[in-house]
Amino acid sequence: MLLGNNRATATTAVDVLADLSISKSGPAAAQVGDTVAFALEITNDGPSEASNNIVLDSLPAGFSVVSVTTNGVKLSDRVVSWSKTSIPAGQVVRDTIRAFATQPGSFENVARVISGTPDPDDADRRAIWTLTITGADLA
């Protein structure tokens, strides 16, 4: 009796998905001349690692960038951007942008995260923070 090759090969396709979200916080009000800190949290709820990620924060006209707490930051016409090469599933990445308030008004500050990994829920990849800047207190 001859036995054959008792092996089989099967290919299984695995979907790579990463549910990224971004949130933004900061003060509701400040004065012209204040330095305002905007905190960003990027969360990967998985199930996979998120790769080739870019964070974009569009500062409104009433602000100029002072500093960002991450490396590799680029600034173009008040849009602050930086790469997050990899965000493992279950991880939260925190960054802070400090900006100088230059004029009074009500402003929306919009942040987004873009990923090279497909996301089943794109709705939470954008965050908006609204704040009011008043004139400097000269008293």
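Start your tour by selecting F38: with a relative accessibility of 0%, this residue counts as buried. Keep in mind as you look around that the model is predicted.

**Stop 1: the ring cluster**

Leave F38 highlighted and add F63, which is buried too, at 2% relative accessible area. Now add F107 and show the side chains. Ring pairs join F38, F63 and F107 into a cluster. How many aromatic pairs does a search of the whole structure find? The search finds two.

Take the pair of F38 and F63. The ring centres are 5.8 Å apart and the planes stand at 70°; since planes over 60 degrees apart count as edge-to-face, that is the label for this pair. F38 belongs to strand 3 and F63 to strand 5, so the pair ties together parts that lie 25 residues apart in sequence.

Next, turn to F63 and F107. Here the ring centres are 5.6 Å apart with the planes at 75°, so this pair is edge-to-face. F63 in strand 5 and F107 in strand 9 (residues 105-114) are 44 residues apart, and their pair links distant parts of the chain. Both F63 and F107 are buried.

**Stop 2: the sheet of four strands**

Switch to a cartoon view and find the strand that holds F38. Strand 3 is part of an open sheet of four strands, in the order 1-3-8-5, with antiparallel pairing. At its edges you will find strand 1 (18-25) and strand 5 (63-68), each pairing on one side only. From one strand to the next, the twist averages 25°.

Now select residues 35-47 and 92-101. These are strand 3 and strand 8, which pair in the antiparallel sense over nine bridges. Which residue of strand 8 is the bridge partner of A37? Click on R98 to see the partner of A37.

**Stop 3: the sheet of six strands**

Move on to the other sheet on this tour. Six strands make up this open sheet, in the order 2-10-9-4-7-6, and the pairing is mixed. Why is one side of strand 2 (29-31) and of strand 6 (74-76) left without a neighbour in the sheet? Both stand at the edges and have a single partner strand each, so one side of each has no neighbour there. On average, and ignoring direction, neighbouring strands of this sheet are turned by 25° against each other.

For the last selection, pick strand 6 together with strand 7 (residues 79-87). The two pair in the antiparallel sense over three bridges. Zoom in on S76 and you will find its bridge partner in strand 7, V79.

Key:
Residues numbered from 1 in each chain as written. Predicted model: local features only at pLDDT ≥ 70, side-chain atom pairs only at ≥ 80, totals over all residues. Heavy atoms only, no water. Pairing = 2+ DSSP bridges. Axes fitted to C-alpha atoms, helices over the stretch in contact; angles between N-to-C directions. Phe/Tyr/Trp six-rings, centres within 6.5 Å; stacked < 30°, edge-to-face > 60°. Buried < 20%, exposed > 50% of the residue type's maximum accessible area, 1.4 Å probe, protein only.
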